[in-house]
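User: Please take a close look at one helix of this model and its surroundings, and then follow the aromatic rings, cysteines and strands that come into view from there.

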Amino acid sequence: MQSFRSKALIWLIRHRHLFKLKLKSELVDDNFSVTEFRKRVDKSSSRMKLPKNTVFKKFEINNIAAEWIIPENPIGNKVLLYIHGGGFISGSCLTHRVHVAKFAHGSGLKSLVFDYRLAPENPFPAGLDDCIEVYSWLLQQNYKSENIIVGGESAGGTLTLSLLLALKDKKIALPKAAFSISPVTDLRCLADSFKYNAKNDIAPLGSWDIWTKYYISESNPTDALLSPLFGNYAGIPPLYICVGTHEIHLNDCENVAIIAKEHGVNVTLKKWDRMVHAFPILSPLFPEAKKAMFEICEFAKNSLTEQ
């Protein structure tokens, strides 16, 4: 049964337009301002504080802004490479520092987050190229692939899957495992859940059409590195996919899990009843988010520590 706290909080998020004295929820269309949206997200993110006993260190990887998020007494020489979400058009170390700290704290893993290039200024494959660059940098720093786990939420969940497929194509050593929270896996956004969950989810109406269009630009949306649903997952490491049943991306997650399993991948698909887009990063605000965060962190930790 869904908790009262999750019902209340999700209702508030879903009806956030009321706090702006607007009767209708935000509609993302061709008049949408990416610049203003980023400013709003950055402003709200700047107020968030890291959990106790967690520090961050800023640096650059070949001109890519990055941060280490380090919990107290991190596990050995293990690393979580986290790819942030934001609809391919927003997100940064700033916006996700606190969220990544939750994963770092829960898993005990030293975690790396970075500012990949964003659309519409830098459409596909710019963001993915940056993910490959940062992962390759970790290997160059003598972090072994079997000591790395990759994960992300939303657009970062999509890029996590795309990165695995790209590394395989380039014959670069794959990470030990990966988790993907609420990814869109077919950027044509044709899955039925984009329709029947449009009013159940918390994603701004129309965002899936406009934002993905910015990211796709002139590329073929069925390119497997753009829409990982069309990839060949043979040889890909264990995957943990998390999604809520009220998400627009529900079918995309179900479908990619089926494809990966057919290719022989050890896939865990966890579907959370009545939960919404990327809800685990709302931990610890309600029980379902807290439990989902715990399970993902356990998967990450166990993937790197079990023999």
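Analyst:

**Helix H4 and its surroundings**

Asp130 belongs to helix H4, which covers residues 126-140, and the model in which it is described here is a predicted one. With a relative accessibility of 6%, Asp130 falls under the 20% limit and therefore counts as buried. Once the neighbours within four places in sequence are set aside, the residues in contact with Asp130 are Ile64, Phe114, Tyr116 and Arg117.

Two of these contacts lead into strands: Ile64 falls in strand E2, residues 64-71, and Phe114 falls in strand E4, residues 110-114. Strand E2 also carries Trp68, whose partner Tyr143 lies in the loop between H4 and strand E5 (148-153), so that the pair links parts of the chain that are 75 residues apart. Among the 15 aromatic pairs that the structure holds, the one formed by Trp68 and Tyr143 is tilted, with 6.0 Å from centre to centre and 50 degrees between the planes. Trp68 and Tyr143 are both buried, and ring pairs join them with Phe59 and Trp137 into a cluster. The ring of Trp68 also has a charge over it, since the charged end of Lys110 sits 4.2 Å from the centre of that ring. A similar arrangement is found for Arg97, whose charged end sits over the ring of Phe56 at 4.0 Å from its centre.

Strand E4 runs parallel to strand E3 (residues 79-83), and four bridges join the two. Within this pairing, Tyr82 has Val113 of E4 as its bridge partner. Strand E3 is mostly covered, with five of its five residues buried. In a regular strand the side chains alternate between the two faces of the sheet. In E3, Val79, Leu81 and Ile83 point one way while Leu80 and Tyr82 point the other way, and all of them are buried.

The cysteines can be treated in the same careful way. Cys131 is buried, with a relative accessible area of 1%, and the cysteine sulfur closest to its own is that of Cys93, which at 12 Å is too far for a bond. Seen from the other side, the sulfur of Cys93 has that of Cys131 as its closest cysteine sulfur, again at 12 Å and too far for a bond, and Cys93 is likewise buried, at 5%. The count of disulfides comes to zero.

Two further parts of the chain complete the view. Leu226, in the loop between helix H7 (207-216) and strand E7, is buried, with a relative accessible area of 0%. Its C-alpha atom is separated by 8.4 Å from that of Thr158, although the two residues are 68 residues apart along the chain. Beyond its neighbours within four places in sequence, Leu226 is in contact with a set of residues that includes Thr158, Phe124, Ser162, Leu187 and Tyr215.

Helix H8 has 13 residues, 250-262, which at 1.5 Å a residue should span 18 Å, and the 19 Å between its end C-alpha atoms agrees with that expectation. Its buried residues include Leu250, Cys253, Val256, Ala257 and Ala260, and the buried residues of H8 pack against helix H5 (155-169), helix H6 (193-196), strand E7 (239-244) and strand E8 (267-272). Just after H8, Gly264 adopts a positive phi of about 90 degrees.

Technical notes. Residues are numbered from 1 along each chain as its sequence is written. This is a predicted model: local features need pLDDT of at least 70, side-chain atom pairs count only at pLDDT 80 or more; totals for chains, interfaces and linings use all residues. Side-chain values use heavy atoms; hydrogens and water are left out. The expected span of a helix is 1.5 Å times one less than its number of residues. Buried means under 20% relative accessible area, exposed over 50%, partly exposed in between (1.4 Å probe, protein chains only). Contact means heavy atoms within 4.5 Å. Rings of Phe, Tyr and Trp (its six-membered ring) pair if their centres lie within 6.5 Å; planes under 30 degrees apart count as stacked, over 60 as edge-to-face and the rest as tilted. A charge sits over a ring if NZ of Lys or CZ of Arg is within 6 Å of the ring centre and within 35 degrees of the ring normal. A disulfide is a pair of cysteine sulfur atoms within 2.5 Å. Two strands pair if DSSP finds at least two bridges between them.
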